[in-house]
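Biologist: I keep reading words like "buried" and "right-handed" in structure notes. Could you show me where they come from?

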Amino acid sequence: MPASPSTARAINDRLALRLLQQEGPLTAGQLKQLTGLSRPTVADLVDRLTASGLITVVGESGARRRGPNARLYGIVADRAHLAALDVRTGGVLVLVSDLLGRVLAEASVPIGGDTRTGPAVEQAVAAVERALQEAGATGARGGLHTVGIGAPGLVDPATGDLRDSAGLPAWHRSLVAALQDRLPGTRVTVENETNLAALAEQREGAARDRDTFVLLWLGHGVGAAVVLDGTLRRGASGGTGEIGFLPVPGTDALPAAGDCGGGFHSLAGAAAILALAARHALPVPSAPDGTGAADVVRAAVAEVAGGHRAGAAAVAAPGERFLHALADRVAVGAASVVAVLDPGCVVLGGEVGQAGGAVLAGLVEERLRRMSPLLTEVRASGLGGTAVLRGALLTARERAQDELFAPPGHGG
């Protein structure tokens, strides 16, 4: 059945707004060409969107053109503001942007492991409020519309709530309610950090040319995000990619429901990586966290780049021996994922994946070629430590635009 006039207008308006988002400011003539709509239809939608405060004249298309046909229309970027949070075990990173995703302010706050839930939540919320103040996003118009949060652990796909997870601070689960209480009217969404990193890599990073791939997260712990046919897959309970629990050879035990020790985590988590480095006589930090593991991997890669070629027949340097052993371990987990999903591409993310870069990715790909008949390219993260924040911002922006770009009576 043909769409009603109001539905057709809503579809046309959203199409025009998406084009303005992707292409930047456009004239009415350019909108006509890109949408395929008639000149009167484009004129009507420009009038509607201008009256609604979603677009405005931002300039003219050229010095030789004047008048209505030369006007450049752009989205009113300060119509709403967005916040993105990367919630970690040791603190929170925050950024605030306009509706187009331009970053206006950033903040961070470390939170010690012995900090009680109440004070920890207060520190995190205060960091968000400072960033909002700096960005000028505290007014009634153009205030904070949506917050996107990336956090470790499982997110219930039915409720969107962060579930209890062993080893994670209790303040993580209290943060959402605190933000909603202190920022009334703001939409808050939570997503697993690895899933957000994968979305960011798909849009802006190493997987822009792939609609099917797996992001293998290597940091304090391990995880994976699965994108199939352009869609992020979460699973029945939100647990797709919990490969820390994957039973693998090379460990002393099997994982348990409440403890991933004995699973892939025991081979490729930060503590395991640092223990492996120590066995190769490399200096290691005392704290077994993702940052420390990344520093050791980065130093080993620098040693290889400084004169020792990874993959050579004679492996002599301690850093190179360590990288080969680490690649052996990473490939065990990657091969299991490849055997089930055949993604064609694995992106190494997280602090350790970023630190290993193309060197570690190349070594893992070489091993996968020997272990699996399924051709799989292994790439290093293109976004590194910014991937979770970028993914949280993209998620917040999409939710806000879906609501704000819907004409009255067609969304919200």
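Modeller: Here we take some labels one by one and check each against its cut-off. Keep in mind that this is a predicted model.

Biologist: Okay, why is Ala127 called buried?

Modeller: Buried means under 20% relative accessible area. Ala127 comes in at 0%, so buried is the right word. The residue sits in helix α4, which covers residues 117–135.

Biologist: And what is Ala127 in contact with, leaving aside neighbours within four places in sequence?

Modeller: Val94, Ala107 and Val109. To count, heavy atoms have to be within 4.5 Å. As for Val188, its C-alpha is 16 Å from that of Ala127, and the two residues are 61 apart in sequence.

Biologist: Now His172. How do you know whether it is buried or exposed?

Modeller: Again the limit is under 20%. His172 has a relative accessible area of 4%, so it counts as buried. You'll find His172 in helix α5, residues 171–182.

Biologist: What makes the pair of His172 and Arg88 a polar contact?

Modeller: The N or O atoms must be within 3.5 Å, with one able to donate a hydrogen and the other to accept it. A polar atom of the His172 side chain lies 3.0 Å from the backbone oxygen of Arg88, so the distance fits. Beyond four places in sequence, His172 also touches Val87, Thr89, Pro152 and Leu162.

Biologist: On to Asp229 and Asp342. What is notable about their phi angles?

Modeller: Most residues other than glycine have a negative phi. Asp229 has a positive one, near 55 degrees, and Asp342 has a positive one too, about 45 degrees. Asp229 is in the loop between β9 and β10, while Asp342 is in the loop between α10 and β11.

Biologist: Why is Asp229 called exposed, and what do we call Asp342?

Modeller: Exposed means over 50%, and partly exposed lies between 20% and that limit. Asp229 has 60%, so it is exposed. Asp342 has 42%, so it is partly exposed.

Biologist: How do you know that the span of helix α1 agrees with what it should be?

Modeller: Take 1.5 Å times one less than the number of residues. For the 19 residues of α1 (5–23) that gives 27 Å, and the end C-alpha atoms are 27 Å apart, so the two agree. Just after α1 comes Gly24, with a positive phi of about 90 degrees.

Biologist: Which elements cover the buried residues of α1?

Modeller: The cover includes α2, α3, β1 and β2. Among the buried residues themselves are Ala10, Ala16, Leu17 and Leu20.

Biologist: Last topic, the sheet. What makes β10 and β12 edge strands?

Modeller: The open sheet has five strands in the order β10-β9-β8-β11-β12, with mixed pairing. β10 and β12 each pair on one side only. From one strand to the next, the twist averages 25 degrees.

Biologist: How do you know that β8 and β9 pair?

Modeller: Pairing needs at least two bridges. Six bridges join β8 to β9, so they pair, and they run antiparallel. One of the bridges is between Trp217 and Gly223 in β9. β11 and β12 are joined by four bridges and run parallel.

Biologist: And why is the crossover from β11 to β12 called right-handed?

Modeller: Picture the strands pointing away from you: if the path over the helix runs clockwise, the crossover is right-handed. Here the chain goes from β11 through helix α11 to β12, and this β-α-β crossover is right-handed.

Methods. Residues numbered from 1 in each chain as written. Predicted model: local features only at pLDDT ≥ 70, side-chain atom pairs only at ≥ 80, totals over all residues. Heavy atoms only, no water. Helix = DSSP H or I, 4+ residues; strand = E, 2+ residues; numbered from the N terminus. Buried < 20%, exposed > 50% of the residue type's maximum accessible area, 1.4 Å probe, protein only. Axes fitted to C-alpha atoms, helices over the stretch in contact; angles between N-to-C directions.
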